[in-house]
Amino acid sequence: MKPVAGYRPHDPGTQPNHLHPAYASSIKRAPTQPLVHIPYTLTEITGPSFGPQLVSMAACDLTRQHKGEPLGERIVVSGRVLDENSRPVPNSLVEIWQANAAGRYCHEWDQHDAPLDPNFTGSGQAVTDSEGRYRFVTIRPGEYPWGNHYNAWRPAHIHFSLFGPSFATRLVTQMFFPGDPLLPYDPIFNCTADEKARNRLISVFDWQTTLPMNALGYKFDIILRGRDATPMEQ
Amino acid sequence: MDLCATTSQTVGPFFKIGLLWLSRNKLAEEGAAGERVTVRGRVIDGDGIPVPDAILEVWQANSHGKYAHMEDSQDKPLDNDLWGYGRIFVNAEGAFCFSTIKPGSVPGPDDKEQAPHLAITLFMRGLLRHLWTRMYFPNDSRNLADPILSLVPADRRSTLVATDSPNEPGALEWNIILQGKHETVFFELGS
């Protein structure tokens with residue numbers, strides 16, 4: 001085997017630490033021992049491959065998964081998945097989940113006193129096309145209270161899960177909305193030290209993808225780790 | 001132009017909504033070659049309490065030591081009955097269970113052979129970035145020379161090696177301990 005090409009290290013401050021005490025759940029779950037650095041091997045640079053046949057066309061429209069229309073403001077969320085070398089990432093599975101317009105998740109553990117919507121589950125899947133593009137039609141999720149601290153509220157957000165070309169590029173993140181007044185107070189959004197990196201989690205309102213008389217468009221590009229330029233000799 | 005990788009965020013407590021459709025506790029189809037194993041374990045937090053809202057993902061080679069991926073250029077056969085990917089949800093007691101086959105060995109740094117292992121990623125509420133670890137197999141002499149295990153402090157290596165179940169033949173036990181004296185070893189990729 002030729003030496004394998006690894007991935008670029010993250011820029012300092014652009015990823016959260018595991019322990020972030022303002023996010024109370026991290027305190028008893030973050031590792032306390034130092035992480036052990038390991039070189040990239042065939043194990044890490046390979047990973048599950050997904051073809052477009054894995055998900056149905058309907059899976060990317062969260063407003064048409066039930067008999068009726070869900071309540072709330074219809075939106076189009078779209079963007080591109082690229083790597084750090086600006087190359088599109090095709091055939092990446094993109095999975096999303098979110099609360100409904102009232103800020104309630106369709107999950108038995110969510111006890112927030114807001115109504116469920118029988119016409120909204122809040123789960124979608126897509127596979128990126130040859131240019132790395134994805135597109136979802138959904139409902140703008142509501143903000144909701146949570147128990148992290150007194151009077152804690154999560155800003156409106158959509159959870160994103162992506163694979164990219166290998167197990168090393170796996171990413172789970174959250175997309176936020178521009179102008180949300182709760183963003184400065186959210187310990188999860190603010191867990192990343194680098195302000196620019198943090199702000200890239202905020203989607204951009206987009207006229208081009210806004211559908212007349214139908215739905216506002218929000219653009220959210222996602223960047224996965226890029227390959228090192230040269231294969232490692234070690 | 002260089003871009004900066006998107007920052008990671010937690011899966012939160014409600015990830016089942018979005019991730020359950022691809023749940024895969026059975027990694028090997030009936031026809032897959034190799035020694036069958038069942039792996040059972042628990043995810044335990046810093047208070048010793050089982051974590052009920054975690055998810056594991058597994059990636060592994062087939063019994064010949066070949067990954068079903070275009071970047072594996074080894075001259076070894078693929079196995080159509082083994083994709084190599086698993087997505088396992090813990091239950092309300094923090095317990096998980098999956099079945100697969102023991103993978104073959106794959107090359108590592110400097111073409112040194114790696115002992116059979118499963119790559120594991122771990123996601124849960126409270127984790128702002130997912131954790132990386134590996135599970136190795138008990139009673140395999142190749143563990144002693146494994147180039148990745150040898151990077152781990154000797155007194156912590158056992159956290160990455162499953163044990164034979166005392167009461168279930170063919171089953172392995174492997175717990176993920178998030179904090180404390182027996183804390184599982186987690187990796188940072190890139191040396």
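Two strands pair if DSSP finds at least two bridges between them. Strands themselves are DSSP runs of E of at least two residues, and helices are runs of H or I of at least four, both numbered from the N terminus. Keep in mind that this is a predicted model, where local features need pLDDT of at least 70, side-chain atom pairs count only at pLDDT 80 or more, and totals for chains, interfaces and linings use all residues. Residues are numbered from 1 along each chain as its sequence is written, while chains are lettered from A and ligands numbered from 1 in the order in which they are written.

**Stop 1: strand 2 of chain A**

Select residues 74-83 of chain A. Seven of these ten residues are buried, so strand 2 is largely enclosed by the rest of the structure. (Buried means 20 or more other C-beta atoms within 10 Å of the residue's own, exposed means 12 or fewer, and partly exposed lies in between; C-beta atoms are placed from the backbone.)

Now add residues 133-139: strand 5 of chain A pairs with strand 2 in the antiparallel sense over seven bridges. Look for Ser78(A), which stands opposite Arg135(A). Next, bring in residues 216-219, strand 11 of chain A, which runs parallel to strand 2 and is joined to it by four bridges; here Ile75(A) faces Leu216(A). Finally, show residues 222-224. This is strand 12 of chain A, also parallel to strand 2, with three bridges between them, and Val81(A) has Ile222(A) as its bridge partner.

**Stop 2: a loop residue on the way**

Follow the chain to Ser86(A), in the loop between strand 2 and strand 3 of chain A. What is the sign of its phi? Phi of Ser86(A) is positive, near 65 degrees, in a residue other than glycine. Ser86(A) counts as exposed, with 11 C-beta neighbours inside 10 Å.

**Stop 3: the four-stranded sheet**

Select strands 4, 3, 8 and 9 of chain A: in that order they form an open sheet with antiparallel pairing. Strand 4 (123-127) and strand 9 (171-176) are at the edges with a single partner strand each, so one side of each has no neighbour in the sheet. On average, neighbouring strands are turned by 20 degrees against each other, direction ignored. (Axes are lines fitted to C-alpha atoms, for helices over the stretch in contact, and angles run from 0 to 180 degrees between N-to-C directions.)

Zoom in on residues 93-98 and 157-162, strands 3 and 8 of chain A, which run antiparallel and share five bridges. Trp97(A) has His159(A) as its bridge partner.

**Stop 4: a second positive phi**

Centre on Asn151(A), in the loop between strand 6 (144-146) and strand 7 (152-154) of chain A. Its phi is near 55 degrees, again positive in a residue other than glycine. Asn151(A) is exposed, with 6 other C-beta atoms within 10 Å.

**Stop 5: across to chain B**

Chain B has one helix and ten strands. Of its 191 residues, 45% count as buried.

How many residues of chain B are in contact with chain A? There are 62, touching 69 residues of chain A, where contact means C-beta atoms, placed from the backbone, within 7 Å. Helix 1 (16-19), strand 5 (117-124) and strand 10 (187-189) of chain B each give two or more residues to this side.

End at residues 36-38 of chain A: this strand 1 pairs with strand 10 of chain B in the parallel sense over three bridges. Within that pairing, His37(A) has Glu188(B) as its bridge partner.

Technical notes
Two residues are in contact if their C-beta atoms, placed from the backbone, lie within 7 Å.
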